[in-house]
Amino acid sequence: MPIGEEEFKRSMGAWPSGVTIVTSRSGDDVHGMTVSDFTGASLSPPLAVILCHRESITTGMIAEGKCFGVNILAASQQELSNRFASKKLEHVRFEGLDYEMAETGAPLIRGAIANLDCSLHATHEAGDHLIYVGLIEAVRFHEGDPLVYWNASYRALEAKADGSGP
Ligand SMILES: Cc1cc2nc3c(=O)[nH]c(=O)nc-3n(C[C@H](O)[C@H](O)[C@H](O)COP(=O)(O)O)c2cc1C
């Protein structure tokens with residue numbers, strides 16, 4: 001017997017993550033949504049993975065446009081994270097937004113600490129979500145601290161004095 005919804009949400013909420021806005025384009029239409037289910041998948045070839053709810057508009061646009069941009073948000077971009085997650089603001093998400101179109105056609109948001117321009121490489125099923133695998137065609141970086149999400153709220157990174165890696 002698998003776990004229920006509450007236990008699922010609590011388990012996933014225990015995992016801290018960064019926050020991205022995943023964007024795509026199909027014809028003249030652009031769209032995007034806030035996504036925390038993102039990770040690097042392969043070094044050679046360079047692949048990134050995102051998980052998108054089957055019913056999200058962005059999910060359909062990625063399938064049509066065969067490309068997506070992953071914009072890793074800076075700590076200062078919390079308002080953008082809320083805007084791109086809100087259904088009420090669905091039609092104004094790109095209003096006044098500073099972005100440019102990448103090679104693949106995906107919109108890349110300025111001020112994000114990293115922008116990944118991906119062409120759609122593969123799609124896999126995962127229950128009510130789809131796993132999109134993107135071939136990373138280009139990247140761009142910008143100085144800044146990341147926006148962090150944990151336990152259903154935003155956090156800030158705190159540097160440790162002895163925090164060097166292995
Ligand atoms: C912090 C945060 C992380 C989210 N991560 C994801 C995610 O990884 N995948 C997903 O499908 N939706 C995720 N969502 C929900 C979508 O952003 C939200 O449902 C959005 O309104 C979908 O937009 P669309 O239907 O216009 O594409 C997240 C929301 C928030 C606030």
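Trainee: What volume does the largest pocket have in this model?

Mentor: In this predicted model, the volume of the largest pocket is about 1500 Å³. The lining comprises 39 residues, with Val35, Ser36, Asp37, His129 and Tyr149 nearest the centre. Elements that contribute two or more residues to this lining are α1 (5–13), β1 (17–18), β3 (29–35), β4 (38–42), β5 (47–53), α2 (57–65) and β11 (148–150). The largest share, 5 residues, is that of α1.

Trainee: What makes a residue count as part of that lining?

Mentor: A lining residue has an atom within 4 Å of a grid point of the pocket. By class, the lining holds 19 nonpolar, 14 polar and 6 charged residues.

Trainee: Which space does the ligand take?

Mentor: The ligand takes the space of the largest pocket. A molecule is assigned to a pocket if more than half of its atoms lie within 2 Å of the grid points, so the ligand is said to sit in the largest pocket.

Trainee: Why is the approach of histidine 31 to the ligand called a polar contact?

Mentor: A polar side-chain atom of histidine 31 lies 2.6 Å from an oxygen atom of the ligand. The cut-off for a pair of N or O atoms is 3.5 Å, so this pair qualifies. A backbone N or O atom of threonine 34 is 2.8 Å from a ligand oxygen atom, and therefore qualifies under that cut-off.

Trainee: How much of the ligand does the protein bury?

Mentor: The protein buries 84% of the 660 Å² that the ligand exposes when taken alone.

Technical notes
Residues numbered from 1 in each chain as written. Predicted model: local features only at pLDDT ≥ 70, side-chain atom pairs only at ≥ 80, totals over all residues. Heavy atoms only, no water. 1 Å grid on protein atoms, 1.4 Å probe; cavity = no way out; pocket = protein on both sides within 12 Å on 5 of 7 lines; lining within 4 Å. Points joined across faces, edges and corners; volume = space filled by probe spheres on them. Helix = DSSP H or I, 4+ residues; strand = E, 2+ residues; numbered from the N terminus. Nonpolar A, V, L, I, M, F, W, Y, C, P; charged D, E, K, R; others polar. Polar contact = N/O pair within 3.5 Å; in protein donor to acceptor, adjacent residues only side chain to side chain. Areas by Shrake-Rupley, 256 points an atom, 1.4 Å probe, with all protein chains shown as cover.
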